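Hi everyone, thanks for coming. I'd like to walk you through one structure today, strand by strand, and then stop at a few residues I find fun. Have a look at it first.

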Amino acid sequence: MIRVVTGLSAVVFYVDLVSEVFDSSVLAAKLPGAWTLRATNFPMWVDGTRHNPEFSYESVEGDELTLTDTVSYTTRTGEVKTIIGTDRLRGDEFVWRGQGWLKVLTSHWQVVGADDNFDTMVLRFSKSRLTPAGIDVLTRVDSDVPAVRSAVAHATDKFGLSAEDFASLTWLL
């Protein structure tokens, strides 16, 4: 399915790969593990206050696809901070809900593309009450993925990105 997302100055087309390629069994098998943020346009990661973000997904037993979602990063002062939440697959997207004092917050995200080995993936986040829409490019912590930027640039369709999306990314590593 092709979705049209309208912005102030452009229309962005992207392939909704979650429902067509990444069904719940594929996501359950491929998402768990530790991931490093390689590129993003999400303000939280490009404002210079948070460094070395790592995402960790762990499966939670149950009938529906549910993941424990742990994000860790280092502050400017060297302190390690952690954000913990729960992701539940609802249709073609995950709904994240924070834990602790973040329990009142939710966000929606999708895996919109990945390489053949699922060592690199692209997540697309919807706008929430507190955050803008955004895109993250992640690679597995334990994988050797050379030239990620080049690989994504040469296969933007495979990664669910338009040329405009790719141009909006800040590359961190």
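Okay, so let's begin with a pair of strands: S8 and S9, the latter covering residues 120-125, are joined antiparallel through five bridges. Before I go further, keep in mind that this is a predicted model.

If you want one pair of residues to find on screen, take Trp 109, whose bridge partner in S9 is Phe 125. Strand S8 itself spans residues 106-114, and seven of its nine residues are buried.

Now look on the other side of the pairing list for S8. Strand S7, residues 93-98, runs antiparallel to S8, with four bridges joining them. There you can pick out Arg 97, which has Thr 106 in S8 as its bridge partner.

Let's keep walking along the strands. S7 also pairs with S6, again antiparallel, over six bridges. In that pairing, Arg 88 sits opposite Val 95 of S7. And S6, which is residues 80-90, pairs antiparallel with S5, residues 66-75, over nine bridges. Thr 74 is a handy marker here, with Val 80 as its bridge partner in S6.

So now the turns. How many residues lie between S5 and S6 in their hairpin? There are four, and Gly 78 in that turn has a positive phi of about 95°. The hairpin of S6 and S7 has two residues between the strands, and its turn holds Gly 91, with a positive phi of about 70°.

Those two were glycines. Here's a bit of background: most residues that aren't glycine have a negative phi. With that in mind, which residue takes a positive phi in the hairpin of S8 and S9? That one is Phe 118, at near 60°, in a hairpin with five residues between the strands. And Phe 118 is not a glycine. You'll find Phe 118 in the loop between S8 and S9. Is Phe 118 buried or exposed? Phe 118 counts as buried, because its relative accessibility is 3%, and the cut-off for buried is under 20%.

There's another one like that. Asn 52 isn't a glycine either, and has a positive phi near 55°. Asn 52 is placed in a strand, S4, which covers residues 50-60. Asn 52 counts as exposed, because its relative accessibility is 58% and exposed means over 50%.

Next up, a charged residue. Arg 38 belongs to strand S3, residues 33-40. Arg 38 is buried and has no salt bridge. Where's the nearest side chain of opposite charge? That would be Asp 144, 7.7 Å away. What does Arg 38 touch, then, if we skip its neighbours within four places in sequence? Its contacts include Val 137, Thr 139, Val 145 and Val 148, and also Thr 170, Trp 171, Leu 172 and Leu 173.

Hang on to those last two names, since they lead to my final stop. Leu 172 and Leu 173, together with Val 46, make a nonpolar surface patch of about 250 Å². Leu 172 lies in the segment after strand S11, which is 170-171. And Leu 172 counts as partly exposed, because its relative accessibility is 32%.

That's my tour. Happy to rotate the model and go back to any of these spots!

Terms used:
Residues are numbered from 1 along each chain as its sequence is written. This is a predicted model: local features need pLDDT of at least 70, side-chain atom pairs count only at pLDDT 80 or more; totals for chains, interfaces and linings use all residues. Side-chain values use heavy atoms; hydrogens and water are left out. Buried means under 20% relative accessible area, exposed over 50%, partly exposed in between (1.4 Å probe, protein chains only). Two strands pair if DSSP finds at least two bridges between them. Patches are made of residues with over 30% relative accessible area and no salt bridge: like charges are joined within 9 Å, nonpolar side chains (Val, Leu, Ile, Met, Phe, Trp, Tyr) within 5 Å. Accessible areas come from the Shrake-Rupley method with a 1.4 Å probe; for residues, only the protein chains shown count as cover. A salt bridge is a side-chain nitrogen of Lys or Arg within 4 Å of a carboxyl oxygen of Asp or Glu. Lys and Arg count as positive and Asp and Glu as negative; His and the chain ends are not counted. Contact means heavy atoms within 4.5 Å.
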